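Hi,

Here is the structure I promised to pass on. Have a look at it first, and then read on for what turned up.

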Amino acid sequence: MPMNTDHTSKQFDVELEALRARVLKMGGLVEEQIQLALEALMTGDVDLCERVEQSDHKVNAMEVGIDEDVSSIIARRQPAAGDLRMLMTVVKTITDLERIGDEADKIARMAKLIYSAERMHMPRMD
């Protein structure tokens, strides 16, 4: 996300940069969730499943927090077209990241189910 640094308020630039950093942090956490979920599925490590489930709560909280901050920025700053598009992209991005995190959580739960039941086949996903 390129940042426009031509704002009259330097505080606005600070807010946008902080928002950008939080989205990147959320993306990193989701990436870690996917890696841990896949490793849990391949190895049967139930502790990794638990870590994925715990981090899913963090991802969900991050989505809510970032979304609230975007709404606050829009209300307070009334951004121009370019900044508004960037903020709307942030909202779409965090929604997608949260959904990806949910999928990682599903993988971890299925891995836990498979290995906890000592079954080596995939349960039906009806």
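To start with one residue: is Glu32 buried, partly exposed or exposed? Glu32 is partly exposed, because its relative accessible area is 35%. Here buried means under 20% relative accessible area, exposed means over 50%, and partly exposed is in between (1.4 Å probe, protein chains only).

Some ground rules before the rest. This is a predicted model, in which local features need pLDDT of at least 70 and side-chain atom pairs count only at pLDDT 80 or more, while totals for chains, interfaces and linings use all residues. Residues are numbered from 1 along each chain as its sequence is written, and side-chain values use heavy atoms, leaving out hydrogens and water.

Now the overall layout. The protein has three helices and zero strands, so in order from the N terminus you get α-α-α (helices, H or I, are DSSP runs of at least four residues, strands, E, of at least two, numbered from the N terminus). Helix 1 has 34 residues and spans 49 Å from first C-alpha to last, close to the expected 50 Å; that expectation is 1.5 Å times one less than the number of residues. Just after helix 1, Gly44 has a positive phi of about 80°. Of the 126 residues, 36% count as buried. Contacts (heavy atoms within 4.5 Å) reach far along the chain: among those between residues at least 6 apart in sequence, 72% join residues at least 24 apart.

Next, the inside. The largest nonpolar core has 18 residues, and those with the most contacts inside it include Leu19, Met26, Ile66 and Ile94. Such a core is a set of buried Ala, Val, Leu, Ile, Met, Phe, Trp, Tyr and Cys residues joined through side-chain atoms within 4.5 Å. Helix 1, helix 2 (46-77) and helix 3 each give this core at least two residues, with the largest share, seven residues, coming from helix 1. Apart from this core lies another one of nine residues, including Ala37, Val52 and Ala108. Leaving aside residues up to four places away in sequence, Ile94 touches Val23, Met26, Glu63, Ile66 and Asp67.

On to the charges. A search of the whole structure finds 10 salt bridges, each a side-chain nitrogen of Lys or Arg within 4 Å of a carboxyl oxygen of Asp or Glu. Back to Glu32: Arg51 forms a salt bridge with it, with the closest N and O atoms 3.6 Å apart. That pair links Arg51 in helix 2 to Glu32 in helix 1, 19 residues apart. Glu50 and Lys112 also meet in a salt bridge, at 2.6 Å from N to O. Because Glu50 is in helix 2 and Lys112 in helix 3, this pair ties together parts 62 residues apart in sequence. Lys112 meets Glu53 in a salt bridge too, at 3.3 Å from N to O.

Finally, the surface. Ile34, Leu38, Met42, Ile100 and Ile107 form a nonpolar patch there, with about 420 Å² of accessible area together (Shrake-Rupley method, 1.4 Å probe, only the protein chains shown counting as cover). Patch residues have over 30% relative accessible area and no salt bridge; like charges are joined within 9 Å, and nonpolar side chains (Val, Leu, Ile, Met, Phe, Trp, Tyr) within 5 Å. Helix 1 (10-43) and helix 3 (81-116) each supply at least two residues of the patch. Ile100 is in helix 3 and counts as partly exposed, at 35% relative accessibility.

Cheers
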